[in-house]
Amino acid sequence: MILDAPAIDWLTFTTWDELEFKRWQEWQKQLAGDQKTGKIRMYDGIWKGSSFVGEGRQNNKAHGMIRISGSESNNAYFELLRGDYAKCTRLDIQITTPLPAGYSARIFADDLRSTQEGHYERTVTLVENSDGFDTVYLGSRKSDRLARFYVKDIEDQKFLRFEVEHKGVWSQVVSKAIQEDRATLAGALLDFLESIEVEDTQGIIKIFEDQLNSFQAGLSSPKVIRDKNKTMQWILDQVTPAMIRLLNDHDFGQELFDHLQNLLDEY
């Protein structure tokens with residue numbers, strides 16, 4: 001996970017172009033991990049990691065879709081979206097920072113509610129958890145632009161993430177502006193923050209605004225935090241020692257070596 005820098009966390013593209021769809025399929029084949037068949041709404045396709053590539057039919061014509069979530073989506077966005085060959089139908093952009101000392105989601109939600117009126121009136125929803133991993137939603141889930149501020153835990157450290165989910169017209173407008181270099185990921189997040197007129201007693205809005213402005217000015221250095229999932233930890237702690245023992249075994253060592261070499265050659 002990247003800290004103190006904007007990044008894409010979810011994307012969905014659709015296309016009528018057969019060659020573009022095949023390019024998505026080839027891109028997905030290069031990803032590590034097992035693949036399995038699946039279905040999202042009318043699209044039948046393949047899951048691999050956090051990516052799904054599927055095809056459905058609209059007006060009796062093939063229509064392709066790719067959906068990617070998590071850290072992989074940031075690189076995939078800039079690699080896969082080309083000109084008018086595809087349409088972006090969802091784009092989530094986020095920035096994550098260490099959790100501010102004494103942060104209270106309830107106080108933040110109350111501050112937001114106190115000034116939600118007039119032209120920029122938005123729904124404020126607070127979801128509290130007993131473990132402190134609370135979320136504040138700003139906007140309607142049915143709208144084309146919804147923000148959330150939520151607490152994440154990585155390697156026993158807590159972080160606060162600000163994320164804006166763009167759908168429908170908003171996803172297309174933002175994506176096109178980024179593609180044409182008229183906007184940046186940081187700029188898209190700042191645009192939302194600047195529309196919030198609130199007496200923020202904890203300074204949460206200012207924390208993110210300062211980070212985004214510093215990033216745009218080239219004055220901040222993004223930090224990378226590696227989030228080891230349970231499968232990776234199992235491979236490191238249990239599978240690797242077992243493989244080392246077998247590699248040193250006279251009966252099975254060469255067989256395992258050949259198997260591992262084939263995996264490396266394939267991926």
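In the predicted model, strands β5 (residues 51-58) and β6 (residues 61-69) are paired in the antiparallel sense through 8 bridges. Within this pair, S51 has I68 of β6 as its bridge partner.

Both strands belong to an open sheet of 10 strands, in which the pairing is antiparallel and the order is β3-β4-β5-β6-β2-β7-β11-β10-β9-β8. The edges of the sheet are formed by β3 (35-40) and β8 (124-127), each of which pairs on one side only. From one strand to the next, the twist averages 15°.

Strand β7 (residues 87-98) lies between β2 and β11 in the strand order. Its pairing with β2 (residues 7-15) is antiparallel and extends over 7 bridges; here R90 in β7 is the bridge partner of T12. Strand β11 (residues 157-167) also runs antiparallel to β7, and 9 bridges join these two strands. In this pairing, F162 in β11 stands opposite I95. Of the 12 residues of β7, 9 are buried, so the strand is largely enclosed by the rest of the structure. A residue is taken as buried when its relative accessible area is under 20%.

Two helices were examined for their placement on the sheet. Helix α4 (residues 168-179) packs on the sheet and touches β7, β10 (145-154) and β11. The direction of α4 makes about 75° with that of β7. Helix α6 lies across β7, β10 and β11, and runs at about 105° to β7. Angles of 65 to 115 degrees count as roughly perpendicular, so the 75° of α4 and the 105° of α6 both fall in that class.

Helix α6 (residues 204-216) also packs with helix α5 (residues 185-193), at an angle of about 150° and with the two axes 10 Å apart. The two helices are therefore roughly antiparallel to each other, the cut-off for this class being an angle over 145 degrees. The crossing in which α5 passes α6 is left-handed. On the α5 side, the contact involves A186, G187, L189, L190 and L193. These residues meet I205, F208, E209, L212, N213, F215 and Q216 in α6. By class, the contact of α5 with α6 comprises 8 nonpolar, 3 polar and 1 charged residues. Helix α6 thus has contacts described here with α5 and with the sheet strands β7, β10 and β11.

Key:
Residues numbered from 1 in each chain as written. Predicted model: local features only at pLDDT ≥ 70, side-chain atom pairs only at ≥ 80, totals over all residues. Heavy atoms only, no water. Axes fitted to C-alpha atoms, helices over the stretch in contact; angles between N-to-C directions. Helix = DSSP H or I, 4+ residues; strand = E, 2+ residues; numbered from the N terminus. Parallel < 35°, antiparallel > 145°, perpendicular 65-115°, else oblique. Left-handed = near helix turned anticlockwise from the far one by under 90°. Contact = heavy atoms within 4.5 Å. Nonpolar A, V, L, I, M, F, W, Y, C, P; charged D, E, K, R; others polar. Buried < 20%, exposed > 50% of the residue type's maximum accessible area, 1.4 Å probe, protein only. Pairing = 2+ DSSP bridges.
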